[in-house]
Amino acid sequence: MNPNSGILILGDQLSWHHPVLSGADPAEVVIILAEVAEEATYVRHNRHKIALIFSAMRHFAQALEARGFNVQYYRFNDDVPSLLGACQRARDTWSLAALHVCEPGEYRLVEQMTSWEQALGITVTLHEDSRFLASRADFSHWAEGRKQLRMEYFYRDMRKRYRLLMEGDQPEGGKWNYDADNRQGWRGQTDIPQRPNPVLDAVTQEVIAEVAVAFPDNPGDLATFRWAVTAEDAEKELAWFCEHALPRFGTYQDALAEASPWLFHGLISMYLNIGLLEPLSVCERVEAAYRRGHCSLAAAEGFIRQVLGWREYVRGLYWLHMPDYGKRNALSANRSLPDWFWTGETQMRCLSRALKQSLDLGYAHHIQRLMVIGNFALLAGLDVEAVCDWYLAVYLDAFEWVELPNTLGMALFADGGIMASKPYAASGKYIQKQGDHCRACPYDPKQVTGDRACPYNSLYWHFIDRHSDTLSQNPRMGLIMGGWKKRAASDRDAVVHWGEQMLQRLASL
Ligand SMILES: Cc1cc2nc3c(=O)[nH]c(=O)nc-3n(C[C@H](O)[C@H](O)[C@H](O)COP(=O)(O)OP(=O)(O)OC[C@H]3O[C@@H](n4cnc5c(N)ncnc54)[C@H](O)[C@@H]3O)c2cc1C
Ligand code: SF4
């Protein structure tokens, strides 16, 4: 490496496995870290997310200095407008002749960086992000010639490649997937373990105070900030999960509970996504818990499938299909987001709980994101771009490579079926089965029309009816479409009419 080299480390690349940092000589490089307005404001990010990233960056800078690196750190209050601006300043301060960057996780930034060499007048090298278990080339190779890119087949190849939960060439226990064992609804069957909160040190407290002042109108209740900001603390969170929650993770993976926003979930996506945890070691920890008899195979397999399968698969899809992917809107969904998406003030209990929790804590678990909020947006035909921006803003683990395929593809079916073989559309019956929200709701999940009827019900059939031409071509929708068409025309009309009423009254539901 050139002695006058800079390494720009982005806020989601805080890892010793960073492809340039891992081989760098501290005497030869300057590390640049910058809290910049452009990145902090391109959507209305949750304050938890901004505080998490800034604090983790400041802690990482300290760790770098402790290992002898020169660190050029720009704080948000230093008024550096953009990443390019930060690199320009660092170039001048340190007389840099070369800049090295690990490829960003968002297409938007990669595109910006193509003009940096010219703008900076020094060599700029983008390095492949080696922190994922399938490289972009691996995924393209896997996708080549396949008519459908189903996660399940990708996941099986990844299990074989990384030899996770394998018995020779066969999957542990004889089956690849134990999802069928992992679908119990929540009826308060067992105690939910109390999660200890990480201790917030002076650095984090200072960041929280700064974020409160700089972002007064963004979502996020900073009084509830409870996130790890160093690799060591993220490891402790993972260890707590493996010990106390993993054994029940599988069983209640799809459950919805009044009592807890976390249930038995990992709460680790934010750490994985910003580099504080490594995906392979997370999977190995979970496999080890299974091997020592601490959890069932269904729990371990269910968890490993999320990290080794889904997480890598959505990233592969993102890079395979960008930039066009972000513009897709296969079901022409264009309705404005009701204002209560930003307050959670709706009478629909399940939705209100999921929205408030997302806004206040920056977190909701998968079924809340997919089957409560996403399902509602799908059924109501909410504008795809606005919904995607909402998800990108609200969750503290949201980066476009993972947020976009999940929202646009999985939740909204706006990619026309690249990601999901059928829309994840469901009526109130599903939400009632999976949790205990309906008991506290003024709406009745058994009614389809009328003032007390659960809005998910008529909106579900309205969705089925208005997209019947498209959905009838989907073999996995055959039974539902057939059943709908067999119903008496007067019955269908009444349900669709009520669904239309719900759409008109969206603002006051
Ligand atoms: C509409 C929608 C938007 C989403 N947006 C994001 C996002 O912006 N960032 C994000 O990291 N995840 C996103 N997810 C996936 C998933 O909901 C979160 O990763 C998970 O809820 C994070 O909480 P956890 O760590 O407690 O997860 P757990 O339930 O404990 O799962 C373990 C880990 O598996 C991985 N994982 C599970 N499902 C997925 C998935 N579908 N895609 C990618 N990784 C997965 C995560 O790293 C997660 O930490 C989204 C899902 C949906 C349906
Ligand atoms: S009745 Fe409908 S809106 Fe109310 S909690 Fe149940 S599913 Fe949600």
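In this predicted model, the largest share of the shell around ligand 2 comes from α17, which gives 3 residues. The elements that contribute two or more residues to that shell are α17 (428-434) and α13 (349-361). Of the 13 residues around ligand 2, those that come nearest are C350, G428, C438, C441 and C454.

The class make-up of this shell can be set beside that of two other contact surfaces in the table below.

| Surface | Nonpolar | Polar | Charged |
|---|---|---|---|
| Shell around ligand 2 | 9 residues | 3 residues | 1 residue |
| Contact of α18 with α21 | 7 residues | 3 residues | 3 residues |
| Side of domain 1 that touches domain 2 | 6 residues | 8 residues | 3 residues |

The helix pair in the table consists of α18 (residues 455-466) and α21 (residues 489-504), whose axes lie 8 Å apart and meet at an angle of about 110°. Because angles of 65 to 115 degrees count as roughly perpendicular, α18 and α21 are described as roughly perpendicular to each other. The crossing in which α18 passes α21 is left-handed. On the α18 side, the contact is made by P455, S458, L459, W461, H462 and D465, while α21 supplies R492, V495, V496, W498, G499, E500 and M502.

At the level of the whole chain, the domain assignment gives domain 1 (5-127), domain 2 (136-208 + 220-321) and domain 3 (339-508). The centres of domain 1 and domain 2, taken over C-alpha atoms, are separated by 28 Å, and the contact between these two domains takes 17 residues from domain 1 and 16 residues from domain 2.

Conventions:
Residues are numbered from 1 along each chain as its sequence is written. Chains are lettered from A and ligands numbered from 1 in the order in which they are written. This is a predicted model: local features need pLDDT of at least 70, side-chain atom pairs count only at pLDDT 80 or more; totals for chains, interfaces and linings use all residues. Axes are lines fitted to C-alpha atoms, for helices over the stretch in contact, and angles run from 0 to 180 degrees between N-to-C directions. Helices (H or I, at least four residues) and strands (E, at least two) are DSSP runs, numbered from the N terminus. Angles under 35 degrees count as roughly parallel, over 145 as roughly antiparallel, 65 to 115 as roughly perpendicular and the rest as oblique. A crossing is left-handed if the near helix is turned anticlockwise from the far one by less than a right angle, and right-handed if clockwise. Two residues are in contact if their C-beta atoms, placed from the backbone, lie within 7 Å. Ala, Val, Leu, Ile, Met, Phe, Trp, Tyr, Cys and Pro count as nonpolar, Asp, Glu, Lys and Arg as charged, and the others, Gly among them, as polar. Domain bounds come from an automatic or database domain assignment. A residue is near a molecule or strand if its C-beta atom, placed from the backbone, lies within 6 Å of it.
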